[in-house]
Amino acid sequence: MRVVIQRTLEASVTIEGEQVAKINKGLLVLVGIEDSDNQEDIDWLASKIVNLRIFADENGVMNNSVKDAEGDLIIVSQFTLHALTKKGNRPSYSKAAKPDFAIPMYEEFVAKVTKELGKEVQTGRFGADMKVALVNDGPVTILMDSKNRE
């Protein structure tokens, strides 16, 4: 699983003119799933995301997690995170999992993050044409890959 984590002052997801998710302080997490992903990937990433110390403490030092900061989350599926760009100019998405595998994995990931955070997580809609807006705070943007845990 690959994720892009963005610390936000505000973020939203709109589908066909309807706003389906909106947060203020928190994290917008874009998640891409591949066929080799499993429960271990979900568990590791969910824990890391919720406990990542990227919010300022009382001294202005990034020492608090989204949980500590009482922030919110939006999780959006994004198969393009698995784009292969080595050959030519048209990305290949052959590493991205097909919906029959990816949807249950995405739903399990959302459920695990919700459990770790201790409150509801907002989402986009899997496979929809979404308009995602955010004001990135910092900017703080972090890339993580459960297959490359550096």
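Two strands are said to pair if DSSP finds at least two bridges between them, and the strands themselves (E, at least two residues), like the helices (H or I, at least four), are DSSP runs numbered from the N terminus. The model described here is predicted, so that local features need pLDDT of at least 70 and side-chain atom pairs count only at pLDDT 80 or more, whereas totals for chains, interfaces and linings use all residues. Residues are numbered from 1 along each chain as its sequence is written, and side-chain values use heavy atoms, with hydrogens and water left out.

A good place to start is strand β6, which spans residues 72-77. On one side of the pairing list stands strand β3 (residues 26-32), which runs parallel to β6 over 6 bridges, and within this pairing Leu 30 has Val 76 of β6 as its bridge partner. Strand β7 (residues 122-123) is also parallel to β6 and is joined to it by 2 bridges, with Gln 122 of β7 serving as the bridge partner of Ile 74. Between β6 and β7 the chain passes through helix α2 (residues 99-117), and this β-α-β crossover is right-handed, meaning that, with the strands pointing away from the viewer, the path from the first strand over the helix to the second runs clockwise. Strand β6 is mostly covered, as 5 of its 6 residues are buried (under 20% relative accessible area with a 1.4 Å probe, protein chains only).

Turning to a loop, Leu 52 lies between α1 (39-51) and β4 (55-56), and counts as buried because its relative accessibility is 18%. Beyond its neighbours within four places in sequence, Leu 52 is in contact (heavy atoms within 4.5 Å) with Ile 5, Asn 64, Ser 65, Val 66 and Ile 142.

Definitions and conventions
Buried < 20%, exposed > 50% of the residue type's maximum accessible area, 1.4 Å probe, protein only.
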